[in-house]
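Please work through the exercises below with the sequence and the model in view. Each task is followed by a stepwise solution.

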2 protein chains.
Amino acid sequence: MLKLTKKADYGLMALKYLAEHPDLAALSAKEVADAYGIPAQLLAKILQLLTKHGLLRSHAGMNGGYALARDARQISAYEVILAIDGPFFITSCIKGAKSCELTPSCTIKEPLARVNETIAGVLKSISIQDLAEHEHPAKRETDTQGLVALTL
Amino acid sequence: MLKLTKKADYGLMALKYLAEHPDLAALSAKEVADAYGIPAQLLAKILQLLTKHGLLRSHAGMNGGYALARDARQISAYEVILAIDGPFFITSCIKGAKSCELTPSCTIKEPLARVNETIAGVLKSISIQDLAEHEHPAKRETDTQGLVALTL
DNA sequence: TTAGTATAGGACCAAATATGTCGGGATTTC
DNA sequence: GAAATCCCGACATATTTGGTCCTATACTAA
C-alpha cells in the first residue's frame, strides 16, 4: 500500500533513461526495456500512455522510437504517475467523490485530503531531470522535512 | 495506487470513534462496526492487530471491548497504517532492501526515497486526535479539486 | 458454575487490481 | 515491398485485498 505500481516505476525509469541520452533522437521501447530488463511489450504500452498524455513524442518506422516531449526539467514525477496510473487519492472518499454515501463514515477524509495534497506537491517538485542526476550524496538533510511541517 | 487500504481506513475510523468517546471504558468491535457500517468481523481483526501493536487495549467478556492505549494525541496515523498494512515504501526497491538485485535498474529509488520519508513525516504528524476534531467547516473550499482537475 | 458476551486467530474464499502476453493493424524508412 | 517500429484491444495470469467462517479462549454476571 501507498506504493507506486511497477508500471509507474517503469515509466519513471524509462523517462530517466531518455533524459540521460539527450543525444539520441529517439529510443525504441525495446531498447529501453532491454536496458533495464523490463518486459518489452509492457513498457511499450506504458510509453504509449505517456505519449498520449503529451510527455513523450513518438515516431514509427526504422530508427523510430520515443523522445521526451519537453525538457526533462519540465516533466514532473507527478505527471508521469498521473498519466500511467490515473489520478490518485489517499482515501477512496475524497470530498467531491460520490463514495461514502452509505456511510456517513468517512469523517476521516478531511485531514487526509491534506496529506494527499502534500504528496502530490512533493511529486510535482521532482522532475525527471532530478531522477537522472542521481549522484547527489549531499543536499538532502533539510528540504523535504520543511515541507511537511508546513502543510499541517 | 498510492492510496490507503480499506483496512487502514477502517482502523483510522475506529480509532477516531474511540477518541470521540473517551467517557466509555471500552467499545466492542461490533459497536464500532455498526456505527460505521463496516463488516464486523473484519474490523475485529483490524482492532486485534492494533492491539497487538500496542495502540489499543482490549478486554474480553461482557462490557469488554477496546480502548485507546494512549492519549489520542499520542497516536499517529502513521503508526496505525504501519500496524495494519505493514511498512510501506513508495518504491519496491528502497535502498537497503535486497530487491533490485537482478536489475541495476532502479536508479530511481534514491530521489523517491525522499518522497517516502516526506509522506511518512506527514502521516506521523497527524494524530488520531486531529481526525476526531473534524469540525473545521471553513478552510476547505479550493484545495483538492484544483489539484486533480488541473493536472489532468 | 454456567450462560452469554467478548476477544484471538487460523483457514479459506471471492473480488479486485496489477502484471504480463498475444495478435492484428498502421506508419515510416530503406 | 520488407523491416522496424508504434498503436491498441483482448486476453491470461498473479498478487493483493476484502471479507467470511469456524473454533478456541477469556471474562462477567447472575
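The exercises concern the fold of one chain, helix packing, two loop residues and the surfaces near the two DNA strands.

This is a predicted model, in which local features need pLDDT of at least 70, side-chain atom pairs count only at pLDDT 80 or more, and totals for chains, interfaces and linings use all residues. Residues are numbered from 1 along each chain as its sequence is written, chains are lettered from A and ligands numbered from 1 in the order in which they are written, and side-chain values use heavy atoms, with hydrogens and water left out.

**Exercise 1. Describe the secondary structure and burial of chain A.**

Step 1. Helices (H or I, at least four residues) and strands (E, at least two) are DSSP runs, numbered from the N terminus. On this basis chain A has seven helices and two strands.

Step 2. The order along the sequence is α-α-α-β-β-α-α-α-α.

Step 3. Buried means under 20% relative accessible area, exposed over 50%, and partly exposed in between (1.4 Å probe, protein chains only). Chain A comprises 152 residues, of which 47% are buried.

Step 4. A contact requires heavy atoms within 4.5 Å. Considering contacts in chain A between residues at least 6 apart in sequence, 63% link residues at least 24 apart.

**Exercise 2. Characterise the packing of H1 and H2 in chain A and in chain B.**

Step 1. Two packed helices are described by the angle between their axes and the distance between the axes. Axes are lines fitted to C-alpha atoms, for helices over the stretch in contact, and angles run from 0 to 180 degrees between N-to-C directions.

Step 2. In chain A, H1(A) packs against helix H2 (residues 29-36) at about 105°, and the axes are 10 Å apart. Angles under 35 degrees count as roughly parallel, over 145 as roughly antiparallel, 65 to 115 as roughly perpendicular and the rest as oblique. H1(A) and H2(A) are therefore roughly perpendicular to each other.

Step 3. The H1(A) side consists of A:Met13, A:Ala14, A:Lys16, A:Tyr17 and A:Glu20, which meet A:Val32, A:Ala35 and A:Tyr36 of H2(A).

Step 4. Ala, Val, Leu, Ile, Met, Phe, Trp, Tyr, Cys and Pro count as nonpolar, Asp, Glu, Lys and Arg as charged, and the others, Gly among them, as polar. The contact of H1(A) with H2(A) thus divides into six nonpolar, no polar and two charged residues.

Step 5. In chain B, the axes of helix H1 (residues 6-20) and helix H2 (residues 29-36) come within 10 Å and cross at roughly 105°. This makes H1(B) roughly perpendicular to H2(B). B:Met13, B:Ala14, B:Lys16, B:Tyr17 and B:Glu20 of H1(B) form the contact with B:Val32, B:Ala35 and B:Tyr36 of H2(B).

**Exercise 3. Where does A:Asn63 lie, and is A:Asn63 buried or exposed? Treat B:Asn63 likewise.**

Step 1. A:Asn63 is placed in the loop between strand S1 (56-59) and strand S2 (65-68) of chain A. Its phi is near 60°, a positive value in a residue other than glycine.

Step 2. A:Asn63 counts as exposed because its relative accessibility is 73%.

Step 3. B:Asn63 occupies the loop between S1 and S2 of chain B, and has a positive phi of about 60° although it is not a glycine. With a relative accessible area of 72%, B:Asn63 is exposed.

**Exercise 4. Analyse the protein surface near DNA strand C.**

Step 1. A residue is near a strand if one of its heavy atoms lies within 4 Å of it. There are 25 residues around DNA strand C, and A:Lys45, B:Ala29, B:Lys45, B:Ser58 and B:Tyr66 come nearest.

Step 2. Sugar or phosphate supplies 64% of the atoms of DNA strand C within 4 Å of the protein, and bases the rest.

Step 3. A polar contact is a pair of N or O atoms within 3.5 Å; within protein, one must be able to donate a hydrogen and the other to accept it, and residues adjacent in sequence count only if both atoms are side-chain atoms. A polar side-chain atom of A:Lys45 is 2.6 Å from a base oxygen of DNA strand C. An N or O atom in the side chain of B:Tyr66 lies 2.9 Å from a phosphate oxygen of DNA strand C.

Step 4. By class, this surface has 10 nonpolar, 11 polar and four charged residues.

**Exercise 5. Which residues come closest to DNA strand D?**

Step 1. Of the 24 residues that surround DNA strand D, the closest are A:Lys45, A:Ser58, A:Tyr66, B:Lys6 and B:Lys45.

Step 2. A polar side-chain atom of A:Lys45 lies 2.5 Å from a base nitrogen of DNA strand D, and one of B:Lys45 lies 2.8 Å from a base oxygen of DNA strand D.
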